[in-house]
Amino acid sequence: MSKRNLFALFFLLASLPMTVRAAEPPERGLSAAFNYPGIILGPDDEVDLGLTIRNLGLSDDTFLVTVVDRPEGWTTELRGYSRTVTGVFLPGRDQAGLDLLAAPPDGARPEPGVYRFRVRVASQDGAGQQETECQVTVRGRAGGGQALALVTAHPELRGPSDSRFSFSLDVRNQGGEDALVNLSVAAPDGWEAWFKPSYEDKQVASIQIPKGQSRTLSLEVTPGFAAQPGRHPLRIKAESRRGAAGTTLWVDLAGTYKIRLLPANELLSGATEPGRPLSMNFFVLNEGSAPQREVKFVTVAPDNWRVEFSPEAAANVSPHQTPTPVTMTVTPPDDALVGDYGLGLAAEGERAKSTLDLRLTVRAKAAWAWLGAGIIVAVAAGLVLAFRRLGRR
């Protein structure tokens, strides 16, 4: 082909319109996969599998996440940002990471073998779904034993959120030589956790253990100020040059129970007349971290006094919510004597109580006051008249 023909062909191709464009993203789409579809773990390693979910579409979407296949008897939990989750909301073209935590029955160590876990991710409206699988291979112990062991008699403790929890741990050196064991704990954000030897006050991050011996340590844990009621994991690890051991401890927070009863006008006293009702206003405040499903009101009043509350009980008082108002109406009997009386008031919730001591003054009725004033005036007038007559004589 001549140069002239080649030039003409090139000019013809260059003049053709460009019709090929990059493909645009679909309106909806989903991708889900384990970060590592196949992993190998030692006998003391925790089964913690990373999972990534991607919204491939342009529209925002909600995806439901379910573990559909696991080894028989194993427990599994999908967690995101230290919370158990069953679904994920993703804006268009966004992604999220979850952790699949798995454990054998009764907290035992997994036997050597191959274990499979399968997770299904599906759009909330059922428009699309995808399953992904991870194969976990657990190795046997080298040499028929492990160099370190972590043992505790109480792997889970329960108490209020403002408590300090103390776990007792035995760290055993089962290797053939002395070992310097480094200690670490992964606690929820905002929590404080540290190790200390038994019957000692100092904090330690490592400990020397002769071969064939064990050391008892105390793990002290203080929950964060904003810790919510529920089960929270503490992942413990002991490491040396010859091996490692790990375990998971749990703190089950029941929340704190604290309520406060406050007078609306900051006054703890009032005055009324026999047979006349007196209304006093109060507020109920939940200063704990656990909700109060019902707060009842109890009084200790003089005999024959009538005390009523509106409402009769405060229901569903949430922590640090706007105080709940309550009105107490007190009615002395018609024959009540004039004077000061004491009245005890208590707000009783779930494992919490707040009390107030009130002083109520019963005054004479207005009619009797006017009658008394009239008598006094009459007596005074009589005395004046008598003095005048006697003075004339």
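These are my notebook entries on a predicted model, one topic at a time.

**Entry 1: the overall picture**

I started with the whole chain. The protein has 393 residues, and 34% of them count as buried. I then looked up the secondary structure and found 28 strands and 2 helices. Next came the contacts: among those with a separation of 6 or more, 69% are between residues 24 or more positions apart. The exposed surface comes to about 24200 Å², with carbon and sulfur atoms supplying 52% of it.

**Entry 2: the nonpolar core**

Which residues have the most contacts inside the largest nonpolar core? I got L49, I53, V65 and F117, in a core of 28 residues. I also checked which strands feed this core. At least two residues each come from β1 (30-34), β2 (38-41), β3 (47-55), β4 (61-69), β7 (87-90), β8 (95-103), β9 (113-123) and β10 (129-138).

I picked L49 for a closer look. Leaving out residues up to four places away in sequence, L49 touches F34, I39, L98, D99, L100, F117, C134 and V136. F117, one of these partners, is itself listed among the core residues with the most contacts.

**Entry 3: around T62 and S123**

I moved on to T62, which sits in strand β4. Is T62 buried or partly exposed? T62 counts as partly exposed because its relative accessibility is 23%, and the cut-off for buried is under 20%. Beyond its sequence neighbors up to four places away, T62 touches V88, F89, A122, S123 and Q124. I looked at the last of these in more detail: T62 and Q124 are 62 residues apart in sequence, yet their C-alpha atoms are 5.6 Å apart.

S123, another partner of T62, is found in strand β9. With 7% relative accessibility, S123 is buried. Its own contacts, again without residues up to four places away, are R28, D61, T62, F63 and G128. Two of those names, R28 and D61, led me to the next entry.

**Entry 4: salt bridges**

My search of the whole structure gave 17 salt bridges. As a reminder to myself, side chains of opposite charge can pair when their charged atoms come close.

I took R28 and D61 as my opening pair. Their side chains meet in a salt bridge at 2.8 Å, N to O. R28 belongs to the loop between α1 (3-15) and β1, while D61 belongs to strand β4, so I noted a link between distant parts of the chain, 33 residues apart. D61 is buried, at 9% relative accessible area, whereas R28 is partly exposed at 36%.

R116 and E133 make another salt bridge, at 3.7 Å, N to O. This pair joins strand β9, where R116 sits, to strand β10, where E133 sits, across 17 residues. Both ends are partly exposed: R116 has a relative accessible area of 41%, and E133 has 30% relative accessibility. Which residues are linked with R116 and E133 in a network of salt bridges? I found R118, R120 and E131 in that network.

I also looked up E287 and K258. Their closest N and O atoms are 3.9 Å apart, and they form a salt bridge. E287 lies in the loop between β22 and β23 (292-300), and K258 in the loop between β19 (243-253) and β20, so this pair ties together parts 29 residues apart in sequence. E287 is partly exposed at 25% relative accessible area, and K258 is partly exposed at 48%.

**Entry 5: strand β20**

K258 took me on to β20 (residues 259-263), where I checked which way the side chains point. They alternate: I259, L261 and P263 are buried and point to one face, while R260 and L262 point to the other and are not buried. Strand β22 (residues 278-286) runs antiparallel to β20, and 5 bridges join the two. Within that pairing, P263 stands opposite F282 of β22.

**Entry 6: a nonpolar patch on the surface**

Last, I looked for nonpolar side chains on the surface. I375, V379, L383 and F387 form a patch there, with about 420 Å² of accessible area together. L383 has its place in helix α2 (residues 366-392). At 48% relative accessible area, L383 counts as partly exposed, because exposed requires over 50%.

Methods:
Residues are numbered from 1 along each chain as its sequence is written. This is a predicted model: local features need pLDDT of at least 70, side-chain atom pairs count only at pLDDT 80 or more; totals for chains, interfaces and linings use all residues. Side-chain values use heavy atoms; hydrogens and water are left out. A nonpolar core is a set of buried Ala, Val, Leu, Ile, Met, Phe, Trp, Tyr and Cys residues joined through side-chain atoms within 4.5 Å. Buried means under 20% relative accessible area, exposed over 50%, partly exposed in between (1.4 Å probe, protein chains only). Helices (H or I, at least four residues) and strands (E, at least two) are DSSP runs, numbered from the N terminus. Contact means heavy atoms within 4.5 Å. Patches are made of residues with over 30% relative accessible area and no salt bridge: like charges are joined within 9 Å, nonpolar side chains (Val, Leu, Ile, Met, Phe, Trp, Tyr) within 5 Å. Accessible areas come from the Shrake-Rupley method with a 1.4 Å probe; for residues, only the protein chains shown count as cover. A salt bridge is a side-chain nitrogen of Lys or Arg within 4 Å of a carboxyl oxygen of Asp or Glu. Two strands pair if DSSP finds at least two bridges between them.
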